[in-house]
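Here is a short tour for anyone opening this structure for the first time. Take a look around, then read on.

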Amino acid sequence: MGSLTAGGSGDVPVTRAERKRAERVARIERAAARVFADQGYEGANFDLIAAELDLRGASLYYYVSSKEELFLRCLRQSAADVSARLRAIAEAEPEPRERLRRLFREQVLIEVRDYPEYVPLFFKARVSVPALQEAVLGLRREHATVFEETARELGTDPRKARLCLEIAYGTLAYLPDWYDPAGDVSPAELADELAELLVAPFLRQDD
């Protein structure tokens with residue numbers, strides 16, 4: 001699902017018209033993610049989203065049928081790419097300590113470099129629609145699984161591992177709120193430093 005066609009099927013667009021439409025859909029999704037993050041699901045609407053793109057709100061119905069569908073597309077578009085990237089690391093790195101470090105590093109890059117607009121939708125968004133609540137929780141559980149599997153391989157006490165993971169998730173949830181990619185610390189440098197900090201508690205042995 002990293003490349004959406006007009007129908008959102010996940011197929012790679014092949015014609016020029018399909019590529020242009022996929023690019024427009026991607027821009028709409030990013031604008032929508034920003035508005036959902038700023039206004040919340042209830043406060044967001046097509047007029048606000050379209051204004052981010054210098055369009056009329058009604059024009060968005062050419063691409064999506066409802067605000068609920070657009071929210072789901074924002075979730076699934078980013079989650080598919082994130083899941084693939086994390087799973088690739090999990091499958092490629094056999095040593096659990098290094099794997100966990102690389103997973104945290106990749107997550108930081110995902111949040112501050114690649115998908116900063118989407119982070120609040122997973123960690124902080126509040127929605128009243130049951131289907132959307134279920135979708136968010138399902139994607140969060142899927143995302144957490146790769147970290148939890150690696151933590152278990154480290155042999156960390158399960159209760160301690162759970163606490164360490166929750167602390168890590170809390171730290172990661174707010175990265176786009178305070179990190180400035182134009183500042184003195186590059187995304188790669190931040191990813192390296194935070195990955196070491198986040199993995200360290202899993203490795204400390206109790207006296």
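## The nonpolar core

The largest nonpolar core has 60 residues, and the ones that touch the most other members are F36, I49, F71, L75, F104, L121 and F147. Plenty of helices chip in: α1, α2 (46-52), α3 (67-92), α4 (96-114), α5 (119-123), α6 (130-153), α7 (158-173) and α9 (187-203) each supply at least two residues of this core. The top contributor is α3, which gives 10 residues. Keep in mind while you look at all this that the model is predicted.

## Salt bridges between helices

Now for the charged pairs. The count of salt bridges comes to 18. One of them joins E153 and R99, whose closest N and O atoms are 2.9 Å apart. This pair links distant parts of the chain, as E153 sits in helix α6 and R99 in helix α4, 54 residues apart.

How buried or exposed are the two partners, E153 and R99? E153 has a relative accessible area of 48%, so it counts as partly exposed. R99 comes in at 6%, and since buried means under 20%, R99 is buried.

## R162 and its two partners

R162 is a good residue to click on. It forms a salt bridge with E148, with 2.9 Å between the closest N and O atoms. Here too the pair links distant parts of the chain: R162 belongs to helix α7 and E148 to helix α6, 14 residues apart.

R162 also has a salt bridge with E166, again with the closest N and O atoms 2.9 Å apart. This one stays inside a single helix: E166 and R162 both lie in α7, 4 residues apart, or about one turn of the helix. With a relative accessible area of 34%, R162 is partly exposed, and E166 is partly exposed as well, at 44%.

## A network and a patch

Some charged residues link up as a group. D81, R85, E106, R113 and D114 are tied together in a network of salt bridges.

Elsewhere, R16, R19, K20 and R27 form a positive surface patch. Take R27 from that set: you'll find R27 in helix α1, which covers residues 16-43. Why can R27 be part of a surface patch? Patch members need over 30% relative accessible area, and R27, at 40%, is partly exposed, so it clears that bar.

## Two loop residues

Let's finish with the loops. D54 lies in the loop between α2 and α3. What is special about the phi of D54? The angle is near 60°, a positive value in a residue other than glycine. For context, most residues other than glycine have a negative phi. D54 is also exposed, with a relative accessible area of 73%.

V127 sits in the loop between α5 and α6. Is V127 buried or exposed? V127 is buried, because its relative accessible area of 12% falls under the 20% cut-off. Try picking out V127 and Y179 together: they are 52 residues apart in sequence, and their C-alpha atoms are 26 Å apart in space.

Methods. Residues numbered from 1 in each chain as written. Predicted model: local features only at pLDDT ≥ 70, side-chain atom pairs only at ≥ 80, totals over all residues. Heavy atoms only, no water. Patch = residues over 30% accessible without salt bridge, like charges linked within 9 Å, V, L, I, M, F, W, Y side chains within 5 Å. Areas by Shrake-Rupley, 256 points an atom, 1.4 Å probe, with all protein chains shown as cover. Salt bridge = Lys/Arg side-chain N within 4 Å of Asp/Glu carboxyl O. Lys, Arg positive; Asp, Glu negative; His and termini not counted. Charge placed at Lys NZ, Arg CZ, Asp CG, Glu CD. Buried < 20%, exposed > 50% of the residue type's maximum accessible area, 1.4 Å probe, protein only. Core = buried A, V, L, I, M, F, W, Y, C linked by side-chain atoms within 4.5 Å.
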